[in-house]
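Me: Please take a close look at one part of this model, the open sheet and the aromatic rings on it. Put that part in the setting of the whole chain, and keep to what can be computed from the atoms.

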Amino acid sequence: MKLKLSFLFVFIISYAWSQTITQTFNANGTFVVPTGVTTLNVRAWGGGGAGGGSPAASGVQAFNGGGGGGAAYVTGTLSVTPGTTLNIIVAVTTPGTTGDGAAGGNSTIEGYESSIFAAGGLGGKASEGYYETKPGGLGGQSDDSNGAVKYNGEN
């Protein structure tokens with residue numbers, strides 16, 4: 001039996017000859033591979049980077065921190081053993097600060113990082129002065145990710 005699975009923001013299981021089951025993971029969790037299932041098709045997204053901060057602006061002063069980079073997206077097929085518990089790792093929300101934005105987290109399945117790994121985007125730079133615009137963070141890179149199909153996140 002073949003099972004197709006998509007996780008991280010959407011977790012889809014579909015039996016090739018019968019039914020489709022959808023399960024969503026918005027946070028880390030576990031998934032027990034059903035009896036008879038030996039293959040999973042997985043889709044994963046990393047976490048976006050946080051935007052850069054800005055000192056308090058007053059009047060007509062403009063302070064513009066750079067936006068955070070988008071996350072990479074990957075797909076892949078995993079060979080699994082029925083009854084195995086998979087640890088799903090979902091990139092957490094990256095909050096902004098008054099300084100440089102933090103990088104977004106990575107998403108994967110523990111033990112399967114070489115087959116499915118979606119890199120997070122980088123944080124934007126903080127503004128330091130009047131009418132200054134800082135660059136946004138670089139999107140999560142396909143070169144830093146693993147999967148059969150890999151897409152860069154947007155800058």
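Reply: Among the contacts in the protein chain with a separation of 6 or more, 65% are between residues 24 or more positions apart. The model is a predicted one, and every value here is computed from it. The secondary structure of the chain comes to 0 helices and 12 strands, so defined as DSSP runs. Read along the sequence, the pattern is therefore β-β-β-β-β-β-β-β-β-β-β-β. Of the 155 residues, 39% count as buried. The accessible surface of the protein chain is about 7700 Å², and carbon and sulfur atoms hold 50% of that area.

The part you ask about is an open sheet of 3 strands in the order β5-β7-β12, with antiparallel pairing. β5 (39–45) and β12 (149–151) are its edge strands, each pairing on one side only. From one strand to the next, the twist averages 20 degrees.

Take the β5 side of the sheet. β5 and β7 (residues 73–79) run antiparallel and are joined by 7 bridges. Two of the partnerships can be named: T39 has S79 in β7 as its bridge partner, and V42 stands opposite G76 in β7. On the other side, β7 pairs with β12 in the antiparallel sense over 3 bridges. There, Y73 stands opposite Y151 in β12.

How many of the 7 residues of β7 are buried? The count is 5, so β7 is largely enclosed by the rest of the structure. In a regular strand, side chains alternate between the two faces of the sheet.

The rings come next. The structure holds 2 aromatic pairs. In one of them, W45 and Y73 lie 4.9 Å apart centre to centre with 45 degrees between the planes, and the pair is tilted. This pair links distant parts of the chain, with W45 in strand β5 and Y73 in strand β7, 28 residues apart. W45 is partly exposed, because its relative accessibility is 24% and the buried class is kept for values under 20%.

The other pair is made by Y73 and Y151. Their ring centres are 6.0 Å apart and their planes are at 25 degrees, so the pair is stacked; the limit for that class is under 30 degrees. This pair, too, links distant parts of the chain: Y73 is in strand β7 and Y151 in strand β12, 78 residues apart. Y151 has a relative accessible area of 48% and counts as partly exposed, because exposed would need over 50%. Ring pairs thus link W45, Y73 and Y151 into a cluster. Y73 and Y151 are connected in two ways, standing opposite each other in the sheet and forming the stacked ring pair.

Strands of the sheet also take part in the nonpolar packing. The largest nonpolar core has 17 residues, and L78, L86, I109 and I116 touch the most other members. β5, β7 and β8 (85–89) each supply at least two residues of this core. The largest share, 3 residues, comes from β5.

Before β12 comes the loop between β11 and β12, which holds S145. Is S145 buried or exposed? At 1% relative accessibility, S145 counts as buried. Leaving aside neighbours within four places in sequence, S145 is in contact with A72, V74, F117, A118, A119 and K150. V74 belongs to the residue range of β7, and K150 to that of β12. S145 and F117 are 28 residues apart in sequence, and their C-alpha atoms are 5.1 Å apart in space.

P135 is in the loop between β11 and β12 as well. Beyond neighbours within four places in sequence, P135 is in contact with G66, G124 and K125. P135 and G65 are 70 residues apart in sequence and 7.5 Å apart in space, C-alpha to C-alpha.

S127 sits in another loop, between β10 (117–118) and β11 (132–133). S127 is buried, with a relative accessible area of 5%. Apart from neighbours within four places in sequence, S127 is in contact with G53, P55, F63, N64, G65, E132 and K134. G65 thus appears twice, in contact with S127 and 7.5 Å from P135, C-alpha to C-alpha.

Notes. Residues numbered from 1 in each chain as written. Predicted model: local features only at pLDDT ≥ 70, side-chain atom pairs only at ≥ 80, totals over all residues. Heavy atoms only, no water. Pairing = 2+ DSSP bridges. Helix = DSSP H or I, 4+ residues; strand = E, 2+ residues; numbered from the N terminus. Axes fitted to C-alpha atoms, helices over the stretch in contact; angles between N-to-C directions. Buried < 20%, exposed > 50% of the residue type's maximum accessible area, 1.4 Å probe, protein only. Contact = heavy atoms within 4.5 Å. Areas by Shrake-Rupley, 256 points an atom, 1.4 Å probe, with all protein chains shown as cover. Core = buried A, V, L, I, M, F, W, Y, C linked by side-chain atoms within 4.5 Å. Phe/Tyr/Trp six-rings, centres within 6.5 Å; stacked < 30°, edge-to-face > 60°.
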